[in-house]
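Thanks for coming. I'll go through one model today, starting with the overall layout and then moving to the parts I marked for discussion. Please have the sequence and the structure open in front of you.

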Amino acid sequence: MAAEGTRSEKFLLLPKSETDFDRVRLAIAVSAAIIDGRATAADLRRQVARFVEKFKAERGFEPGLAVVLVGDDPASSIYVRSKAKRTREIGMVSYERRLPFATEQSQLLAHVRELNAHEGVHGILVQLPLPPHIDSGAVINSIDPSKDVDGFHISNAGLLATGQKGMVPCTPLGCKMLLRRQLGDLSGAEAVVLGRSNIVGKPMANLLLAENCTVTLAHSRTRDLKTVCRRADILVVAVGRPKFVKGDWIKFGATVVDVGINRISAPEPGKEKSKIVGDVDFDDAVQAAGAITPVPGGVGPMTIACLLSNTLTAAFRKEGLAEPQVLL
Ligand code: GUN
């Protein structure tokens, strides 16, 4: 069922422009509903935790997730720590492998082989980016596809692209859940995905297609991005550029999902020296959108919750148990 949006109306002076929607905006600016990714992720984790209990009761052991980190990139290190913490919190077993930056590709492949064969490991995630001397594609494609809880393996990408069951990448899966929760049925919606990465943009486009949206996958070479974005009922932005999408790129009432996590300097006296912002200029966009995900607190928390959900799915499939219908 679609969530009820809270909307506050206020009068504002806005610049003159040419569309009916903008003429309405001249008179009324409507503040968008804020999509609460933290609350939705907490709901999802609670559901996953209940199924972990069920799994344990039936099989006598817990599902396990292995996370491999090569090097000591501070951001990756934080992500890995928080994945391990969330894994333990819901009652799964967390396996963490921290390898030095100088690890050779053959050594990393040997770790993956060992985890592929490990009976207690149902999900494997190799944290990206890997050091430049390692071929990420070769490593990802060496993971057993049934344990590839990132959904990055070429066979999982192919299954998604052809509308078949596999493992779905966590960030786009989280975005889809937020959209379904906010809007209900997505059939027939004009969806524009901005950004064509293998990790977010392409799987997102495939997921929205599977939801019967009319999908445009736009990118840095798309002509007149603003006009393309303004067509969207659903706009998903994953370009890695802080505040790239402005309010006048957004159709009045559209639902905006901001995947960006960008650290920018915020030199305000007495405050933090930097802050996290999305790929959408939130303060601007909030006046045009019907609903929008904040950064932080939108898509980010959903990514880890979906990783746990994928691990649960992998464990149930391996054990031949009826697949849990977690979800929102
Ligand atoms: N680095 C940043 N995000 C991700 C992710 O979702 N999966 C992996 N493996 N690495 C990442």
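One definition before the loops and elements come up: helices here are DSSP runs of H or I with at least four residues, strands are runs of E with at least two, and both are numbered from the N terminus. Keep in mind throughout that this is a predicted model.

Overall layout, then. The chain has 328 residues, and 41% of them count as buried. Its secondary structure amounts to 11 helices and 13 strands. If we take contacts between residues at least 6 apart in sequence, 67% of them join residues at least 24 apart.

I'll take the sheets next. One is an open sheet of 3 strands, in the order β5-β4-β6, with parallel pairing. Its edge strands are β5, residues 93–99, and β6, each of which pairs on one side only. From one strand to the next, the twist averages 15 degrees. Between β4, residues 64–70, and β6 there are 4 bridges, in the parallel sense. Across that pair, Gly 123 in β6 has Leu 65 opposite.

Which helices lie across this sheet? Helix α3, residues 74–89, lies across β4 and β5 and runs at about 170 degrees to β4. Helix α4, residues 105–117, lies across β4, β5 and β6, at about 180 degrees to β4.

A word on the side chains of β6. In a regular strand, side chains alternate between the two faces of the sheet. In β6, Gly 123 and Leu 125 point one way, Ile 124 and Val 126 point the other way, and all of these are buried.

The other sheet I want to show is open as well, with 6 strands in the order β3-β13-β10-β9-β7-β8 and parallel pairing. Here the edge strands are β3, residues 33–34, and β8, residues 214–218, each pairing on one side only. β3 and β13, residues 291–292, are joined in the parallel sense by 2 bridges. Ile 34 has Ile 292 in β13 as its bridge partner. Helix α7 packs on this sheet, where it touches β9, β10 and β13, and its direction makes about 155 degrees with that of β10.

Now the ligand. Which residues are around it? They are Leu 125, Val 126, Gln 127, Leu 128, Asp 150, Cys 170, Thr 171 and Thr 303. By type, the shell divides into 4 nonpolar, 3 polar and 1 charged. β6, residues 123–126, and α7, residues 170–183, each supply at least two residues of the shell.

One shell residue, Leu 128, also takes part in a cis peptide bond, with Pro 129, at an omega of about 0 degrees. Pro 129 sits in the loop between β6 and α5. There is also a cis peptide bond between Val 295 and Pro 296, again with omega of about 0 degrees. Pro 296 is in the loop between β13 and α11, which spans 299–318.

Next, helix α6, residues 154–161. Its buried residues are Asn 156, Ala 157 and Leu 160. They lie on the same side of α6, because they cover an arc of only 100 degrees around the axis. α8 is included in what covers them. Just after α6, Gly 163 takes a positive phi of about 75 degrees.

Ala 157 has a contact I'd like you to look at. Leaving aside residues up to four places away in sequence, Asn 198 touches Phe 152 and Ala 157. Asn 198 and Ala 157 are 41 residues apart in sequence, but 8.5 Å apart in space, C-alpha to C-alpha. Asn 198 is in the loop between β7, residues 190–194, and α8, residues 201–210. Is Asn 198 buried or exposed? It counts as partly exposed, because it has 14 C-beta neighbours inside 10 Å, and a buried residue needs 20 or more.

Last, backbone angles. Asn 212 is not a glycine, yet has a positive phi of about 70 degrees. Asn 212 lies in the loop between α8 and β8, and is partly exposed, with 13 other C-beta atoms within 10 Å. Lys 243, also a residue other than glycine, has a positive phi near 50 degrees. Lys 243 is in the loop between β9 and β10, and is partly exposed, with 19 other C-beta atoms within 10 Å.

That is the end of my list.

Notes. Residues are numbered from 1 along each chain as its sequence is written. This is a predicted model: local features need pLDDT of at least 70, side-chain atom pairs count only at pLDDT 80 or more; totals for chains, interfaces and linings use all residues. A residue is near a molecule or strand if its C-beta atom, placed from the backbone, lies within 6 Å of it. Ala, Val, Leu, Ile, Met, Phe, Trp, Tyr, Cys and Pro count as nonpolar, Asp, Glu, Lys and Arg as charged, and the others, Gly among them, as polar. A residue is buried if 20 or more other C-beta atoms lie within 10 Å of its own, exposed if 12 or fewer, and partly exposed in between; C-beta atoms are placed from the backbone. Two strands pair if DSSP finds at least two bridges between them. Axes are lines fitted to C-alpha atoms, for helices over the stretch in contact, and angles run from 0 to 180 degrees between N-to-C directions. Two residues are in contact if their C-beta atoms, placed from the backbone, lie within 7 Å. The arc is that of the directions from the helix axis to the C-beta atoms.
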